[in-house]
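Here's a quick briefing for anyone opening this structure for the first time. Have a look at the model, then walk through the points below.

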Amino acid sequence: TPLLGFQWNTEQDAVVGKVEAFGAGGDVGRPRYFPHIGYLGMYKESAFILWNVTSQRAGEIKIPDLTRQPNLYTFSPDGHWLLLAQIAGSGSPDPVVVRLSEHKFVATLPGHQGTVLGMSFSRDSSKVLTACEDGKIRIWSAPAWRLIETLAGHQGPVRWAEFSPDGQWVTSAGEDKTVRIWSVDGGKLVQTLRESQAPVATVSFSPHGSYIAASTEHSVLVWKKTNTGE
């Protein structure tokens, strides 16, 4: 429910506790887990409530400039930055950058010609990807927030994009039923995977970068990297 969170043991497939930290009432958003920082987060009334899954303690990040709910957000692995997009009533599709040490807006990522559907940082927090309804993936530097590359090739909206663990590659998921692999250096399209029979919603590298998994509404597809790069 939006009023209370529940903690599950996946091996037992059973509820093992309640996450009281979120509290009751207020305008609350969907929870997201951020494995690189070890917190589950939820937006509520101009603040982000973060719950540590190990200590089971919660904290709050209040952002006075944020008065409407962002439907999309992500934290950098180093814990220094928060990116916000799909902010209700903002009138702009461009993501906003929050410096967490100051709890305030410090930059925007301009130029998107449609809704931003996905955002993700590289593991070293030096770059960020935005996947957009306009069919493009953009690579930005951090903390300068400068556009490095624009990856164009999908025929339709891009639902998600992610860096490889070593930061050298990008994989993207499109409504054109393709998964694409790009080089970060130069933004070159390296390979297009066309096995999906439906629009692709998400895509992810395995922890060591040897596999790519992609999801559609009813299936998950997995590709393995070979010596030939296929």
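Let's start in the middle of a strand pairing: Met119 sits across from Thr130, a residue of E12. Keep in mind that this is a predicted model. From that pair we'll move along the neighbouring strands, then on to an open sheet, a pocket and two buried loop residues.

**Around strand E12**

- E12 covers residues 127-132 and is mostly tucked away, with 5 of its 6 residues buried.
- On one side, E11 and E12 run antiparallel and are joined by 5 bridges.
- These two strands make a hairpin with 5 residues between them, and Ser125 there has a positive phi near 65°.
- E12 also pairs with strand E13 (residues 136-141), again in the antiparallel sense and over 5 bridges.
- In that second pairing, Ala131 faces Ile137 of E13.
- The hairpin of E12 and E13 has 3 residues between the strands, and Gly135 in its turn shows a positive phi of about 90°.

**Around strand E8**

- Why is strand E8 said to be largely enclosed by the rest of the structure? Because 6 of its 7 residues (the strand spans 81-87) are buried.
- E8 pairs with E7 through 5 bridges, in the antiparallel sense.
- Within this pairing, Leu82 in E8 stands opposite Phe75.
- E7 and E8 form a hairpin that has 5 residues between the strands, where Gly79 takes a positive phi near 75°.
- Strand E9 (residues 96-99) is another antiparallel partner of E8, with 4 bridges linking the two.
- Here Leu83 has Val97 in E9 as its bridge partner.

**An open sheet**

- Which strands make up the open sheet, and in what order? There are 4 of them, arranged E3-E4-E5-E6, with antiparallel pairing.
- E3 and strand E6 (58-62) are the edges, so to speak: each one pairs on one side only.
- Ignoring direction, neighbouring strands in this sheet are turned by 30° against each other on average.
- E3 meets strand E4 (residues 39-43) over 3 bridges in the antiparallel sense.
- One place to look in this pairing is Arg32, whose bridge partner in E4 is Gly41.

**The largest pocket**

- The largest pocket holds about 430 Å³ of space.
- It is lined by 24 residues, and those closest to its centre are Pro35, His36, Ser120, Phe121 and Glu162.
- Five strands each give two or more residues to this lining: E3 (32-34), E7 (70-75), E11 (116-121), E15 (158-163) and E19 (202-205).
- Sorted by class, the lining comes to 13 nonpolar, 8 polar and 3 charged residues.

**Two buried loop residues**

- Asp176 belongs to the loop between strand E16 (169-174) and strand E17 (179-183).
- Is Asp176 buried or exposed? Its relative accessibility is 17%, so Asp176 counts as buried, given that the cut-off for buried is under 20%.
- The Asp176 side chain has a polar contact of 3.2 Å with the side chain of His154, and another of 2.8 Å with the side chain of Thr178.
- Ser164 lies in the loop between E15 and E16.
- With 4% relative accessibility, Ser164 counts as buried too.
- The side chains of Ser164 and Asp166 are joined by a polar contact of 2.6 Å.

Methods
Residues are numbered from 1 along each chain as its sequence is written. This is a predicted model: local features need pLDDT of at least 70, side-chain atom pairs count only at pLDDT 80 or more; totals for chains, interfaces and linings use all residues. Side-chain values use heavy atoms; hydrogens and water are left out. On a 1 Å grid over the protein atoms alone, a cavity is a set of points where a 1.4 Å probe fits but cannot get out, and a pocket is an open set with protein on both sides within 12 Å along at least five of seven lines; lining residues have an atom within 4 Å of a point. Grid points are joined across faces, edges and corners, and a volume is the space filled by probe spheres set on the points. Ala, Val, Leu, Ile, Met, Phe, Trp, Tyr, Cys and Pro count as nonpolar, Asp, Glu, Lys and Arg as charged, and the others, Gly among them, as polar. Buried means under 20% relative accessible area, exposed over 50%, partly exposed in between (1.4 Å probe, protein chains only). Two strands pair if DSSP finds at least two bridges between them. Axes are lines fitted to C-alpha atoms, for helices over the stretch in contact, and angles run from 0 to 180 degrees between N-to-C directions. A polar contact is a pair of N or O atoms within 3.5 Å; within protein, one must be able to donate a hydrogen and the other to accept it, and residues adjacent in sequence count only if both atoms are side-chain atoms.
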